[in-house]
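Welcome! Take a moment to look over the sequence and the 3D view, and then we can walk through them together.

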Amino acid sequence: MAPAISISLDDSSDMTDFVINQGHGVKGLSEMGIKTLPKQYIQPMEERLMTKIEPQESIPVIDMSKWHDIQVANSICDAAEKWGFFQVVNHGVPLQVLDDVKKATYGFFGLPAEEKRKYSKENSSSNNVRFGTSFTPQVEKALEWKDYLSLFYVSDEEAAALWPPVCKDQILEYMKSSKLLINHLLQVLMKRLNVKEIDQTKQSLLTGSVRTNINYYPICPNPELTVGVGRHSDVSTLTVLLQDNVGGLYVRGNEGEDSWIHVPPINGAIVINIGDALQIMSNGRYRSVEHRVTANGSSNRISVPIFVNPRPQDMIGPLPEALANGEKPIYKQVLYSDYVKHFFRKAHDGKKTVDFAKITN
Ligand SMILES: CC(C)(COP(=O)(O)OP(=O)(O)OC[C@H]1O[C@@H](n2cnc3c(N)ncnc32)[C@H](O)[C@@H]1OP(=O)(O)O)[C@@H](O)C(=O)NCCC(=O)NCCSC(=O)/C=C/c1ccc(O)cc1
Ligand SMILES: O=C(O)CCC(=O)C(=O)O
Ligand SMILES: [Fe+2]
């Protein structure tokens, strides 16, 4: 239902108040039926246009039912090296769980603004629960057409106390049901790096903290002038990404300047992408690839990424096993929370975050 208020979109502080402080988000703007995109959302030309979309290219779709087969293992590692992205089917996460988490996402964003704003940075009782809009609105020159809820998992007890009741159980269930898939993928990926066994220390380094976001991209007036999410790579070890059937996720391709590949929605499939932490730990062998989401003029879109990460207090750098062949390290050791803060404190800027960990001389 449209909120029974009207705001002057020319007044920047009025807009910020409505979208951010009152908790309406861009969903609120969309549902007011605005006909033109507010100027704050107009992206520079180079961020809007994708000059070269490769319709004939696609990222691999991998059947996980025989994940331990050498051919399947090879296709997982090859995809992580070449594309940094792939989709998985027969992944073992029950389709009901995926359906339920998508419904719960609509449930959360369907709450009245007064309810959602309780979880905003200013009002939330914990840094681990955050409802927001765009990415880092305080520093962005142009805003992104997306609302989100970000949940950093600490324990079931904390989730029960702090997470929104309307989506808590479904998100926890989705996180728990994807654990086996995550472990299988990491086992396979580690093997190619000469890591024979994932002991507790490695397990913790690879998967010690988990953050789940639920993203809402409402129908946008003038979608061609803005973005849903700007160009970035994830700072995770790997990301398990559930998207709905709308489409709009594009991944940087290998065909030179500005080539982009669409990630087509496949019913029941899950998208997997390598994040910066694994690119760093693999000394650049596995690639954390830039991606972006377009805004859409006719459909609302949701997505639910699970970011599997090192713990904030971990030092990350190239794994000794990955360097055992005498390869020179291209990344230094960095404190993971410093890395993540560096990412969150600037606007999206493609692949630049990883420079933070590069050895420069
Ligand atoms: C550094 C963290 C994230 C927060 O620790 P904190 O002690 O609560 O730190 P701060 O409260 O000082 O937050 C640091 C900055 O990050 C910002 N931030 C704090 N969570 C958030 C938050 N979920 N969202 C967007 N800003 C935040 C926060 O606003 C703050 O910015 P500023 O106020 O300008 O200093 C800490 O939990 C940590 O190291 N976690 C490790 C695990 C982790 O969360 N990894 C990130 C996985 S997320 C990922 O790969 C991709 C995410 C992504 C997300 C959106 C996209 O469009 C694209 C990609
Ligand atoms: O919505 C999507 O498909 C991708 C979102 C994304 O890249 C992210 O949240 O990091
Ligand atoms: Fe992402």
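## The pocket around ligand 2

Let's begin with the residues that surround ligand 2. Sorted by class, this shell has six nonpolar, four polar and two charged residues. Keep in mind that what you see is a predicted model. The nonpolar members include Leu 241, Leu 249, Val 293, Pro 305 and Phe 307. The two charged ones are Asp 234 and Arg 301, and you can also find His 232, His 291, Asn 215 and Ser 303 in the shell.

Which side chains make polar contacts with ligand 2? Three examples, each to an oxygen atom of the ligand, are Asp 234 with a polar side-chain atom at 3.2 Å, Arg 301 with an N or O atom of its side chain at 2.8 Å, and Ser 303 with a polar side-chain atom at 2.7 Å. As for cover, ligand 2 has 300 Å² of accessible area on its own, and the protein covers 95% of that.

## Strands that build the pocket

Where do these shell residues sit? Three strands each supply at least two of them: β6 (209–217), β12 (291–294) and β13 (301–309). The one that gives the most is β13, with four residues. If you trace β13 in the view, you will pass Arg 301 and Ser 303, two residues whose side chains reach an oxygen atom of the ligand.

A UniProt record helps to place this region. Its unreviewed entry carries the annotation "domain: Fe2OG dioxygenase" for residues 206–310. In the model, that span is 8% helix and 45% strand, and its end C-alpha atoms lie 5 Å apart.

## The shell around ligand 1

Now turn to ligand 1. It is surrounded by 27 residues, and the closest are Lys 121, Asn 127, Arg 211, Arg 345 and His 348. By class, the shell holds eleven nonpolar, nine polar and seven charged residues. The elements β5, β6, β7 (227–232), β13 and α13 (336–344) each supply at least two residues. Helix α13 has the largest share, with six residues. Notice that β6 and β13 appear here as well as in the shell around ligand 2.

Two of the closest residues also make polar contacts through their side chains. An N or O atom of the Arg 345 side chain is 2.9 Å from an oxygen atom of ligand 1, and for His 348 such a distance is 2.7 Å. Ser 236 takes part through its backbone instead, with an N or O atom 3.4 Å from an oxygen atom of the ligand. On its own, ligand 1 has 1100 Å² of accessible area, of which the protein covers 83%.

## Aromatic pairs

Next, look for rings. Searching the whole structure turns up twelve aromatic pairs. One of them joins Phe 108 and Phe 131 in an edge-to-face arrangement, with 5.7 Å from centre to centre and 70° between the planes. Phe 108 belongs to helix α5 (residues 95–109) and Phe 131 to strand β4 (residues 129–133), so this pair ties together parts that are 23 residues apart in sequence. Both phenylalanines are buried. They also belong to one aromatic cluster, together with Tyr 106, Phe 109, Tyr 119 and Tyr 216.

A second edge-to-face pair is formed by Tyr 153 and Trp 163, at 6.3 Å centre to centre and 75° between the planes. Tyr 153 sits in the loop between β5 (147–152) and α7 (156–162), while Trp 163 sits in the loop between α7 and α8 (168–177), ten residues apart. Are these two partners buried or exposed? Tyr 153 has a relative accessible area of 25%, so it counts as partly exposed. Trp 163 is at 2%, under the 20% cut-off, and therefore counts as buried.

## Two buried loop residues

Finally, visit two residues in loops. Ser 282 is in the loop between α11 (276–281) and β12, and it counts as buried because its relative accessibility is 1%. A polar atom of its side chain lies 3.0 Å from the backbone nitrogen of Tyr 286.

Lys 146 is found in the loop between β4 and β5. Is this lysine buried or exposed? Its relative accessibility is 8%, so Lys 146 counts as buried. Its C-alpha atom is separated by 5.7 Å from that of Thr 133, a residue 13 positions away along the chain.

Conventions:
Residues numbered from 1 in each chain as written. Chains lettered and ligands numbered in written order. Predicted model: local features only at pLDDT ≥ 70, side-chain atom pairs only at ≥ 80, totals over all residues. Heavy atoms only, no water. Near = heavy atom within 4 Å. Polar contact = N/O pair within 3.5 Å; in protein donor to acceptor, adjacent residues only side chain to side chain. Areas by Shrake-Rupley, 256 points an atom, 1.4 Å probe, with all protein chains shown as cover. UniProt positions renumbered as here; feature names shortened; annotations may be inferred. Phe/Tyr/Trp six-rings, centres within 6.5 Å; stacked < 30°, edge-to-face > 60°. Buried < 20%, exposed > 50% of the residue type's maximum accessible area, 1.4 Å probe, protein only.
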